[in-house]
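Student: I'd like a close look at one part of this model: the aromatic side chains and the packing around them. Please take me through that region slowly, with the cut-offs behind each term.

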Amino acid sequence: MNRPHYILLPVNPLFIAGSLIIAFLLNLLPYGYWVGVPDFVALALIFWSIHQPRKVGIGIAFAMGLLMDVHDAALLGENALSYTLLSYFAIMMHRRVLWFRVWTQVLHVLPLLLLMQSVQLVIRLMVSGKFAGWTYFAESLSTAALWPVITWILLAPQRRAINRDDTRPI
């Protein structure tokens, strides 16, 4: 089966900012402490760090982490450190990930999410001494499962038509 190869238009910086704001607002919803609720900010940061590493980098990841620290009433810097490491490793492997199909990219995104949650878990263990349990990592699985959907949604405004029409400017 031959899949279409899209030529992507340049991304609008306002679209990047809007998607990060929407991801932050989705994390603000009152889920409580439900098991397996995806981390939308982490997902958006991975996506933009892989697809636009020069526009979304470690600084934005740190700022979003501080916002999440304030929201979660967590130890200040816990999410900032984990999001910074997440963004760093996503930028480090962004060229390799883009060679694979979306379903195979999930296998690259999942270890990043597990690393992020492991860093958070180690910090919480050092501070409180309480282990959250193995269901704590269900968040990484649910977040990674959303990768194909988020990829389709966030790349949609950048796609050109497969069959170019001479009457269209692009």
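**Aromatic pairs and the helices around them**

Tutor: Happy to! Searching the whole structure, which is a predicted model, turns up eight aromatic pairs. One of them joins F15 and W48: the ring centres are 6.1 Å apart and the planes meet at 85°, an edge-to-face arrangement. This pair bridges distant parts of the chain, since F15 sits in helix 1 (residues 13-28) and W48 in helix 2 (residues 40-51), 33 residues apart. To count as a pair, rings of Phe, Tyr and Trp (its six-membered ring) need centres within 6.5 Å; planes under 30 degrees apart are stacked, over 60 edge-to-face and the rest tilted. Helices are DSSP runs of H or I with at least four residues, numbered from the N terminus.

Two notes on the source. Residues are numbered from 1 along each chain as its sequence is written, and side-chain values use heavy atoms, with hydrogens and water left out. As the model is predicted, local features need pLDDT of at least 70 and side-chain atom pairs count only at pLDDT 80 or more, while totals for chains, interfaces and linings use all residues.

How exposed are the two partners? F15 counts as partly exposed because its relative accessibility is 28%, whereas W48 counts as buried because its value is 0%. Here buried is under 20% relative accessible area, exposed over 50% and partly exposed in between, using a 1.4 Å probe and protein chains only.

F15 and W48 also belong to a wider group: ring pairs connect F15, F47, W48 and W147 into a cluster.

Let's stay with W48, which lies in helix 2. Apart from its neighbours within four places in sequence, W48 is in contact (heavy atoms within 4.5 Å) with V11, F15, I16, S19, L20, P53, V56, L154 and Q158. W48 and L154 are 106 residues apart along the chain, and their C-alpha atoms are separated by 9.1 Å.

S19, another of those partners, is found in helix 1. S19 is buried because its relative accessible area is 10%. Leaving aside neighbours within four places in sequence, S19 touches W48 and L154.

Now to the helices that carry these residues. The axes of helix 2 and helix 8 come within 11 Å and cross at roughly 60°, so helix 2 is oblique to helix 8. The crossing of helix 2 and helix 8 is right-handed. On the helix 2 side are L43, I46, F47, W48, I50 and H51, and they meet W147, I150, T151, L154 and L155 in helix 8. By class, the contact of helix 2 with helix 8 has nine nonpolar, two polar and no charged residues.

The terms, briefly: axes are lines fitted to C-alpha atoms, for helices over the stretch in contact, and angles between N-to-C directions run from 0 to 180 degrees. Under 35 degrees is roughly parallel, over 145 roughly antiparallel, 65 to 115 roughly perpendicular and the rest oblique. Right-handed means that the near helix is turned clockwise from the far one by less than a right angle, and left-handed means anticlockwise. Ala, Val, Leu, Ile, Met, Phe, Trp, Tyr, Cys and Pro count as nonpolar, Asp, Glu, Lys and Arg as charged, and the others, Gly among them, as polar.

Helix 8 (residues 147-155) has a further partner in helix 6: their axes come within 9 Å and cross at roughly 115°. This crossing, too, is a right-handed one. V102, W103, Q105, V106 and V109 of helix 6 make the contact with W147, P148 and T151 of helix 8. Six nonpolar, two polar and no charged residues take part in the contact of helix 6 with helix 8.

Helix 6 (residues 102-128) also meets helix 4 (residues 78-92), with axes that come within 9 Å and cross at roughly 155°. That angle is why helix 4 counts as roughly antiparallel to helix 6. The crossing of helix 4 and helix 6 is right-handed. Helix 4 contributes E78, N79, L81, S82, Y83, L85, L86, F89 and A90, facing L112, L113, L115, M116, V119, Q120, I123 and R124 in helix 6. This contact of helix 4 with helix 6 has twelve nonpolar, three polar and two charged residues.

One of the residues in that contact is F89, which is partly exposed because its relative accessible area is 26%.

Note on methods: Helices (H or I, at least four residues) and strands (E, at least two) are DSSP runs, numbered from the N terminus.
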